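This report describes selected features of one protein chain. The sequence and the coordinates come before the discussion.

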Amino acid sequence: MTGREHARSSVGPMRNGAAGFQRVKRGWVWNQFFVLEEYMGSDPQYVGKLHTDLDQGDSAVKYTLSGEGAGSIFTIDQTTGDIHALRSLDREEKPYYTLRAQAVDINTNRPLEPESEFVIKVQDINDNEPKFLEGPYTASVPEMSPVGTYVTQVTATDADDPTYGNSARVVYSILHGQPYFSVDPKTGVIKTALPNMDREVKEQYQVLIQAKDMGGQLGGLAGTTTVNISLSDVNDNPPRFSKSEIPESSAVGSAVGKIKAHDLDIGKNAEVEYTIVPGDGGAMFDITTNEHNQEGIIVLKRPLDYESKKAYTFKVDASNVHLDPRFQSFGAFKDTATVKINVLDVDEPPVFNKPSYVMDVYEDTPAGTIIGAVTAQDLDASSSPVRYSIDWKSDMDSYFDIDPVEGTISTNELLDRESISQHNISVVATKLSNPVLTSRVAVTVHVLDINEFPPELASPYETFVCEHSKVGQVIQTFSAQDQDLPSAGQQFSFRSPKDDFKNKNFTIRDFGNNTAGIVTKRAGFRRRLQEIYFLPVVIDDNGYPPKSSTGTLTIRVCGCESDGSLLTCSAEAIFLPVGLSTGALIAILLCIVILLVIVVLYVGLRRQKKKETLMSSKEDVRDNVIHYDDEGGGEEDTHAFDMGTLRNPKVVKENLYRRDVKPEMKRGPRPPVSQDSADIRDFINQRLTEHDTDNSAPPYDSLATYAYEGDGSVAESLSSIESVAIDLEEDYDYLSDWGPRFKTLAGIFGEQSETQSDSTTMENTH
């Protein structure tokens, strides 16, 4: 238990018959407990535990508590001796509480030991900021004092416990008033930090002092006070005659001085007119006459700049307005005075070298990357250094940081163009010698889109090359597109792949204007040799980082007119209106249709002549199937039934024509069918031998079918294709003589003729 000391003792009856108790060693002693101040928990705060050696854990001992806060602030569990604080405590209100505890018998309330006193101390936390009880302060220091001259001392007090931790350890710092004054961080003594401070230039200064506890560490509490310091005068200027001095910040049109010429006359005869003699400085000023007192008021005509010119000298003439001719012979009625005006230097804010700045940065640029810089300078004679900062107006300004000395702007985190495409920040330039003087400049940061998508062909181009194309001919112009934004300003380049140098057919020519062309490298393209060519093309863009992709162009070899117009690209005609009107094109198509109808009718009539009357269904050999129920004798039995039955002798007729065959010539009478059928027997025996010796045959009985017509088959060929007769095919070569318009039609029917011829050849082979 914290703060608890144990000592052996006991209480018992006195010996030798003496009344009362005999004092022996005590069984429990408490010194002090600690409780944390400003406790905000929902449950009572645990303080500590009381325990005596007489407590054997059988609940026979009861603990009692009395003293400051007993029952209201502190409570004790009578059985366990646990002490709890019932509410939050404030050390600054009361630092400790003195209480008394006693252990008694739970049944008889008889004290088991004498009452003991102990203390509960409130443990301090840092909940009070330092305070300047005597602020604001007023102080004075002589002008032109050297650096380190004592000005005054400020003191802050902290109500927290100075003996515990750093809660009451105060450190002083100066927030405003540099570089003129400084403060000692431990004592709070304020001293001069800048030499030769002139009262005639600036007399009053306001300094802001901060006192922070926790030794100035992060998380400490702070308080501030203001110190008003004035410079007392010292004799640092000799006597001088009066002269006209004006600050360089004087506004145009303001009065900068007065001059007066005395005239002994009165009334209108004493009216004076002032004029500036042209010369040095005369263009900077103007002069007017005050009608009431005849003074000349010098007025500023143009802005002054101490750094450009520090003094102006010019002459002023004073003459009468109303002249009397009788006295003009006495001489000129005017007088001339020389006026010198000194320009006083004024502390001016820094000046940026540009009225505004524009910077570009790519999205996803790593944090800490420098994207640009701003520059400002002090144009005053002192040429004070300049410090830069960003005017925090919103959370979006936190995307950027600026170097206070160099003025370079860098990114603080990754930028996303899709979220914010433009950032507007304000940069402040502060004069180091006078932090009050500041200037601002607007900086616009454009977030550029990073090149995320590769370029691709603008469309799936399909072009053609004429069979009579020449070498170096551009047959197609194509372009590309990119999904990146903005589309304006994108540049694409086109080229052939590196491994495509062996291509002797086509090449890519980049025109340099986001388009390219397909150029032929040879002549003599033929559809019959190769109808389609595929040309790969590599497309590069100018984005960051650069992207590229490879597209494929499809080139089809086509027949063309002599002028390069497309005629056809395949076996099917593709007609284009090559200089023909719609009516002429329709007429040509009608002629072609009519010719096709005539040809079809002609072919149909010729084929109709070759056909004979179809046989009835009963006469069709294919419909005559004989059914019988004879059981065979097995695989070896070849004599169990008459093989001639397969030939269907009932339908043997000498002059019978098949319905599915177009007979070309008369056939002679067939020889009578032999019942012996030696050829069929040999055929079947040969096939049975082959199946018996076949190792791949299944181990069980299986049916083997042998399709053999045999010599002199009554049913003739089982094929629907005539194997003997050969149709006389129509010759369509005459279509080629009709001109180029019928070239495609001749090609179609020529291919049909070749197909029919091939089919006939295959049938004969079968």
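## Surroundings of Ser145

Leaving aside residues up to four places away in sequence, Ser145 touches Leu194, Pro195 and Asn196. The model is predicted, and the values below are computed from it. Ser145 sits in the loop between strand 12 (137-142) and strand 13 (150-153). A polar atom of the Ser145 side chain lies 2.4 Å from the backbone oxygen of Pro142.

Is Ser145 buried or exposed? Its relative accessible area is 10%, and buried means under 20%, so Ser145 is buried.

## Overall composition

The chain has 766 residues, and 32% of them count as buried. Its secondary structure comes to three helices and 43 strands. Among contacts between residues at least 6 apart in sequence, 65% join residues at least 24 apart.

One pair that is distant along the chain is Pro355 and Val441, which are 86 residues apart, with their C-alpha atoms separated by 6.6 Å. Pro355 belongs to the loop between strand 26 (351-352) and strand 27 (356-362). With a relative accessible area of 79%, Pro355 is exposed.

## Salt bridges

The count of salt bridges comes to 13. One of the pairs is Lys49 with Asp82, where the closest N and O atoms are 3.3 Å apart. Lys49 lies in strand 6 (residues 45-49) and Asp82 in strand 9 (residues 82-85), so this salt bridge ties together parts that are 33 residues apart in sequence. Lys49 counts as partly exposed at 30% relative accessibility, whereas Asp82 is buried, with a relative accessible area of 18%.

A salt bridge also joins the side chains of Lys94 and Glu68, at 3.7 Å from N to O. Both residues are in loops: Lys94 in the one between strand 9 and strand 10 (96-105), and Glu68 in the one between strand 7 (61-67) and strand 8 (74-76). The pair therefore ties together parts that are 26 residues apart in sequence. Lys94 is partly exposed, with a relative accessible area of 28%, and Glu68 is partly exposed, with a value of 35%.

## A strand pair and a network

Which parts of the chain does the salt bridge between Asp540 and Arg495 tie together? The two side chains meet at 2.9 Å, N to O. Asp540 lies in strand 41 (residues 532-541) and Arg495 in strand 38 (residues 492-495), so the pair ties together parts that are 45 residues apart in sequence. Asp540 counts as buried at 17% relative accessibility, while Arg495 is partly exposed, with a relative accessible area of 35%.

Elsewhere, salt bridges that share partners join Arg199, Glu200, Glu203 and Asp233 into one network.

## The second largest pocket

The second largest pocket holds about 1,000 Å³ of space. It is lined by 26 residues, and those closest to its centre are Asp198, Glu200, Val201, Lys202 and Asp345. Glu200 is thus listed here and is also a member of the salt-bridge network.

By class, the lining of this pocket has eleven nonpolar, six polar and nine charged residues.

## Backbone features

Two cis peptide bonds can be described here. One joins Gly135 and Pro136, with omega about -5°; Pro136 is in the loop between strand 11 (116-123) and strand 12. Another joins Gln178 and Pro179, with omega about 5°. Pro179 is placed in the loop between strand 14 (171-176) and strand 15 (181-183).

Met214 is not a glycine, yet it has a positive phi of about 60°. This residue lies in the loop between strand 17 (204-212) and strand 18 (222-232) and is partly exposed, with a relative accessible area of 24%. Gln294, not a glycine either, has a positive phi of about 60°. Gln294 is found in the loop between strand 22 (285-289) and strand 23 (295-300). At 17% relative accessibility, Gln294 counts as buried.

Conventions: Residues numbered from 1 in each chain as written. Predicted model: local features only at pLDDT ≥ 70, side-chain atom pairs only at ≥ 80, totals over all residues. Heavy atoms only, no water. 1 Å grid on protein atoms, 1.4 Å probe; cavity = no way out; pocket = protein on both sides within 12 Å on 5 of 7 lines; lining within 4 Å. Points joined across faces, edges and corners; volume = space filled by probe spheres on them. Nonpolar A, V, L, I, M, F, W, Y, C, P; charged D, E, K, R; others polar. Salt bridge = Lys/Arg side-chain N within 4 Å of Asp/Glu carboxyl O. Helix = DSSP H or I, 4+ residues; strand = E, 2+ residues; numbered from the N terminus. Buried < 20%, exposed > 50% of the residue type's maximum accessible area, 1.4 Å probe, protein only. Polar contact = N/O pair within 3.5 Å; in protein donor to acceptor, adjacent residues only side chain to side chain. Contact = heavy atoms within 4.5 Å.
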